Amino acid sequence: MITSRKYYTNNSEADTQITEKSERSIHRDTILKQSMPVSSITELPPLGMNAKDIGEDYRRYFSYTLGRDKYCRSLHYSYNALVLALRDRLLERWKKTRYTYHESKCKRTYYLSLEFLMGRMLSNAMFNLGIVDEVSRGMRELGLVLEEISEAEHDAGLGNGGLGRLAACFLDSCATLQLPVMGYGIRYEYGMFRQYIENGEQVEEPDHWLRDGNPWELERPEYTCRVQFGGRTEFYRSDDGRMLARWVETQDVLAVPYDIAIPGYRNGTVNTLRLWHSVATDEFDLGEFNAGSYPESIASKNAAECITMVLYPNDASENGKVLRLKQQYFLASASLQDVIRHWVQLYGNDFSEFAGKNCFQMNDTHPTIAAAELMRLLIDKHRMEWDAAWNITRRVMAYTNHTLLPEALERWPLRMFKELLPRLLDIIYEINARFISEVAQRWPGDIERQRRMSIIEEGHDPHVRMAHLAIVCSFSVNGVAALHTKLLTEGLFRDFYELWPEKFNNKTNGVTPRRWLASANDGLKRLISEKIGDGWITDLSQLHLLKEFVNDKEFCLHWREIKQQNKKRLAALVKADCDIDIDPTAMFDVQVKRIHEYKRQLLNVLHVIHLYDRVKRGDVANWTPRFVLFGGKAAPGYVMAKAIIKLINNVADVINGDKKMHEYLKVAFLPNYRVTAMEIIAPGTDLSEQISTAGKEASGTGNMKFMMNGALTIGTLDGANIEIREAVGDENFFLFGLTAEEVAGLRKKYDPNAIIKADEDLFRVIQLLASGHFNQFEYKIFDNIIRSLTSPNDPWMTIADFRSYVNAQKRAAEIYQDMKKWTKMSILNTAFSGKFSTDRTIQEYNNDIWKMTPIPV
C-alpha cells in the first residue's frame with residue numbers, strides 16, 4: 001500500500017482542505033495534534049561534559065542508533081555518532097533556554113534572511129560548549145582522531161557570501177549576549193553550486209550538501225504551516241457588515257520547519273535557527289499513478305519541493321524569477337505565521353501588546369515582502385481594521401540594506417506579482433496609495449518626487465520596488481558601514497531620508513571572534529590569552545592591550561612563528577586543491593570574495609601582469625617574493641565575472657609554467673571558496689586585498705576577518721575599509737585610489753585610454769593582454785574584458801586607480817622585507833580590530849532598534 005507523508009498545519013481553514021490518503025496519515029496527524037501534560041514529562045539528569053561520558057555516548061550512538069560495528073571504517077558514521085552525542089548536550093541547554101523565554105514572556109526579535117552561511121558546525125559547537133579538549137581526548141581514547149572526523153562534515157549550503165556569513169555571525173553573537181533572537185531561513189536541498197575549474201573556466205556542479213542528511217537539525221512537523229500562491233482575491237461582507245477579503249483558489253504548499261541549535265559561548269544559552277522546507281499538500285496522487293500517469297502522479301510534489309531545492313536559482317529566465325519570488329514569499333509567510341501562532345498560544349487573539357513584544361529584522365531586500373504579509377495575516381486572518389494592523393506593522397518591521405547598487409535591489413514585474421501573489425499586491429497598492437498621499441502633503445505638486453518614491457515603478461512594464469516597500473513599512477532603516485549609510489541617505493534613498501530622517505541609522509558590520517579568531521587560529525588564540533587573558537573572546541575591545549607588546553622581542557618572535565605555521569597550512573590547502581607548491585616565506589597576497597566587477601579582481605590581475613612584466617624585463621632588484629591567491633564564485637549567469645575567472649587562471653598558468661618566475665611570483669585560483677577554506681586562509685594571509693571601487697562596497701566582512709588575524713590591508717576608502725583605517729591608523733594601512741566623491745567627479749570626463757598612454761607600465765600590461773599573450777590558443781577570448789577596461793563608460797574605473805594601486809603595492813613589498821616592522825603592523829591590526837566584532841554590532845542593534853533585555857539562562 002502506498003501512502004503519502006502528511007503534515008499537520010496550524011491553519012484550521014487549511015486543515016479542512018487536506019484530503020487524507022490513508023488511515024496511517026490520519027493517525028499521524030492525530031498524534032501530532034495531541035499534547036501531553038507538562039507534569040508527565042520527567043527531566044533527565046544532566047549529561048556529563050567529560051571525555052569518558054562523551055566517549056560512552058559516542059559508542060552508544062555508533063553501535064545502536066547507527067548500527068555500526070568495529071569493522072566499520074567510514075568517517076561518516078563516526079561523525080554522525082559524535083554529532084548526536086554533542087547534540088544531546090545542546091538539547092539540554094536548548095530546552096532550558098526555550099523554557100526561560102516562554103516563562104518570562106520577554107520581547108523577541110526574529111531575524112529574516114534568505115541566507116545563513118553557517119560553515120561546519122561541529123567545531124563551533126565544541127568551542128562554544130567549552131569541550132574541545134574533552135572531545136578530542138574522548139575520541140583519542142577510542143583510537144579516533146577528532147580532526148579526521150571533522151573533515152567528514154559538509155559545509156552547510158545555506159548561503160553564498162558576505163550576507164549569509166554575516167547572518168551566521170549575528171546568531172552567534174545574539175546567543176553569546178543572551179538575547180532572545182530567532183533566525184528564520186530556508187532549508188535548501190542544494191547550495192549555490194560546487195565550483196570546479198576546467199581549462200581555466202568555472203564549472204558549476206550541484207552542491208547536494210544534504211545528501212548524507214544533517215544530524216544537527218530537528219524536524220518539527222507539528223509547526224507545519226500552509227503557504228498560498230496564485231488564485232484570486234474575493235471580497236465579501238462579514239456578519240457585522242465589514243468589507244473583508246479572502247485569498248481563494250490558490251495553489252498551496254506546506255512549510256515544514258527544521259530547527260538548528262545556536263549555542264552562545266559557554267553561557268548556557270542556545271537559540272534557534274528555524275529553516276523551512278517546502279512539501280506538497282498531497283505528495284502522491286494514487287489515482288494518477290494507477291491510471292498510468294506516473295510523472296503526473298508526483299507533479300505537485302516536484303513543484304512544491306522546487307521552492308526550497310536550490311539557493312539562488314538563476315533568475316535570467318522568467319521561470320527563475322518566479323522561483324526567486326516564491327522563495328522570498330515562502331520564507332516570509334511561513335515565518336510570520338509561526339510567530340503569530342506562538343503569540344496566540346501565549347496571549348490569544350489580543351494583539352494590543354504585539355508591537356511591544358516583537359521585532360522583525362529583515363536582512364537585505366529579499367525578505368521585505370514580510371511587511372505586506374504581516375498586514376495580510378492581521379487583516380484577513382485576525383480581522384483587524386487597516387489602521388490597527390498598520391500601526392503594528394510599522395512598529396515591528398526593521399530593514400537592513402546591504403547594497404549601493406540599484407540593480408541589486410529586488411524589483412518584481414507587476415504582472416508576475418499579480419499572478420503569483422494577488423492578495424499581497426492588493427495590500428501593496430493600498431500601502432502605496434496612502435504613502436503617496438503623505439508624500440503629496442509634504443511636497444505638494446512634486447509629481448516627479450512621487451514617481452521616484454512610489455513603491456510601484458511605472459512604465460511600459462511596471463515593477464514593485466521591494467526596497468521602497470521596506471522603507472515605507474519599517475520604523476528603522478540601517479546601512480552597514482558609515483560611508484554606506486552616508487551614501488544611502490545622500491543618494492539611493494535621499495528622498496526617503498528627507499521625509500523620515502529619524503528612521504535612518506548606521507550599524508557597521510562585524511564578524512564573530514569565536515569562529516574567526518579563537519577557533520580558526522588556535523595558535524594565536526593561545527598566545528593572546530597567555531598575555532592578556534581570555535576575556536577578549538567575549539569582549540574583543542580587550543585586544544587593544546596587545547599594543548603594549550609590539551616591542552617585546554619574544555612576543556613578536558612567537559607571533560611570526562604562528563603566522564608561518566598558518567601559512568604552511570594555507571600552502572598545503574593550495575597544494576591539495578591547485579597542485580601548486582608555495583614557499584611559505586613569500587608574501588601571501590590574498591583576494592577571496594564573490595567575483596564581481598565592482599570588487600575589481602581585474603585590478604589585481606593587472607598588477608600581477610605588471611609584476612610578471614617586470615620579472616621578464618629583468619627588473620627584479622630588491623624583489624619581494626610573492627604568492628597571489630584568488631578565490632570566489634561567479635553567479636552562473638554573470639558572463640563577465642566568469643571571463644575574469646578565466647583570465648586569472650590563464651595568467652596563473654603562464655606565470656606558474658615559467659620556471660624563471662618561481663622564485664619571484666606564483667599565482668593560484670582556489671576553487672570552491674567556502675567558509676571552511678576561509679578558516680585556513682584568513683590566519684595564513686599577509687596582505688588582504690580590499691580594492692573595490694570607492695562608493696560601491698556596502699561594508700565587507702572579509703576585511704575584518706583578515707584584520708583580526710593580523711593581515712595588513714591594501715584598500716580603497718570604501719565600505720568598512722574607512723573604519724578599519726581609522727582604527728589602526730594610516731601608517732598601518734596601504735591606502736590607494738580615488739574617493740567616492742572623486743569617482744563621481746571624474747565620471748563625465750573619464751578617459752582610460754589617455755591614462756594608459758601616459759603610463760608606460762600600464763601600457764605594457766594592456767599590450768600583453770591585447771596581444772593574446774595569455775590566450776595564445778584561444779582567439780580573442782579576453783576582448784570583452786579589454787573593451788570594458790578601456791571604455792569611458794566603465795563604471796568601476798579600474799584603469800583610473802592602477803598607478804595608485806601599484807605604488808601602494810610597492811610600499812607593501814618594501815615593508816615586508818623589514819619583518820620586524822611588518823610584525824609590529826600585524827600585531828597592531830589585531831590589537832585594533834575590537835570594533836569589528838559582531839558582539840559590538842549586535843549590542844548596537846539591540847540598544848537602538850530591538851530594545852530587548854538579555855535573558856540569563
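**A guided reading of the predicted model**

Arg383 is situated in the loop that links α14 (370-381) to α15. The structure examined here is a predicted model, and this loop residue is a convenient place to enter it. Although Arg383 is not a glycine, its phi is positive, at about 55°. The relative accessible area of Arg383 is 43%, so the residue is partly exposed.

A second residue with a positive phi can be found further along the chain. Asn622 is likewise a residue other than glycine, and its phi is near 55°. Asn622 belongs to the loop between α25 (601-616) and β19 (626-631). With a relative accessible area of 57%, Asn622 is exposed.

The loop of Arg383 leads into helix α15, which can now be considered together with a helix that packs against it. In general, the packing of two helices is described by the angle between their axes and by the distance between those axes. For helix α15 (residues 386-396) and helix α17 (residues 422-442), the angle is about 85° and the axes are 13 Å apart. The two helices, α15 and α17, are therefore roughly perpendicular to each other. At their contact, α15 contributes Trp386, Asp387 and Trp390, while α17 contributes Ile427, Glu430, Ile431 and Arg434. Of the residues in this contact of α15 with α17, four are nonpolar, three are charged and none is polar.

After α15 the reader may turn to strand β12 (residues 397-400), which is covered on both of its faces. In a regular strand, side chains alternate between the two faces of the sheet. In β12, Met397 and Tyr399 lie on one side and Ala398 and Thr400 on the other, and all of these residues are buried. Which strands pair with β12? One partner is strand β11 (residues 358-363), which pairs with β12 in the parallel sense over four bridges. Within that pairing, Met362 stands opposite Tyr399 of β12. Another partner is strand β16 (residues 476-479), whose pairing with β12 is also parallel and involves three bridges. Here Thr400 has Asn478 of β16 as its bridge partner.

Antiparallel pairing appears elsewhere in the model. An open sheet is formed by three strands in the order β13-β15-β14, and their pairing is antiparallel. The edge strands of this sheet are β13 (411-413) and β14 (456-457), each of which pairs on one side only. Three bridges join β13 to strand β15 (residues 463-465) in the antiparallel sense, and the bridge partner of Arg411 in β15 is Arg465. Helix α19 (residues 466-473) lies across β13 and β15, and the helix runs at about 40° to β15.

A further antiparallel pair consists of strand β3 (residues 194-198) and strand β4 (residues 201-205), joined by five bridges. In this pair, Glu198 is opposite Glu201 of β4. The two strands, β3 and β4, form a hairpin with two residues between them. One residue of the turn, Asn199, has a positive phi of about 55°.

The interior of the model may be approached through its nonpolar cores. The largest nonpolar core contains 147 residues, and Leu82 and Phe417 are the residues with the most contacts inside it. Apart from neighbours within four places in sequence, Leu82 is in contact with Ile54, Tyr58, Leu122, Val135, Met139, Leu146 and Ile149. A second, separate core has 64 residues, including Leu611, Leu665, Ile714 and Leu769.

Two of the residues just named for the second core, Leu611 and Leu665, are also touched by Arg626. Arg626 is part of strand β19. Is Arg626 buried or exposed? Its relative accessible area is 6%, under the 20% limit for burial, so Arg626 is buried. When residues up to four places away in sequence are not counted, Arg626 touches several others, among them Asp589, His607, Tyr664, Lys666 and Gln809.

The final stop is Ile681, which lies in helix α27 (residues 675-681). Ile681 has a relative accessibility of 0% and therefore counts as buried. Leaving aside neighbours within four places in sequence, Ile681 is in contact with Leu570, Leu573, Val590, Val592, Leu629, Leu670, Tyr673 and Phe706. Ile681 can also be placed relative to Asp53: the two residues are 628 residues apart in sequence and 35 Å apart in space, C-alpha to C-alpha.

Terms used: Residues numbered from 1 in each chain as written. Predicted model: local features only at pLDDT ≥ 70, side-chain atom pairs only at ≥ 80, totals over all residues. Heavy atoms only, no water. Axes fitted to C-alpha atoms, helices over the stretch in contact; angles between N-to-C directions. Parallel < 35°, antiparallel > 145°, perpendicular 65-115°, else oblique. Contact = heavy atoms within 4.5 Å. Nonpolar A, V, L, I, M, F, W, Y, C, P; charged D, E, K, R; others polar. Pairing = 2+ DSSP bridges. Core = buried A, V, L, I, M, F, W, Y, C linked by side-chain atoms within 4.5 Å. Buried < 20%, exposed > 50% of the residue type's maximum accessible area, 1.4 Å probe, protein only.
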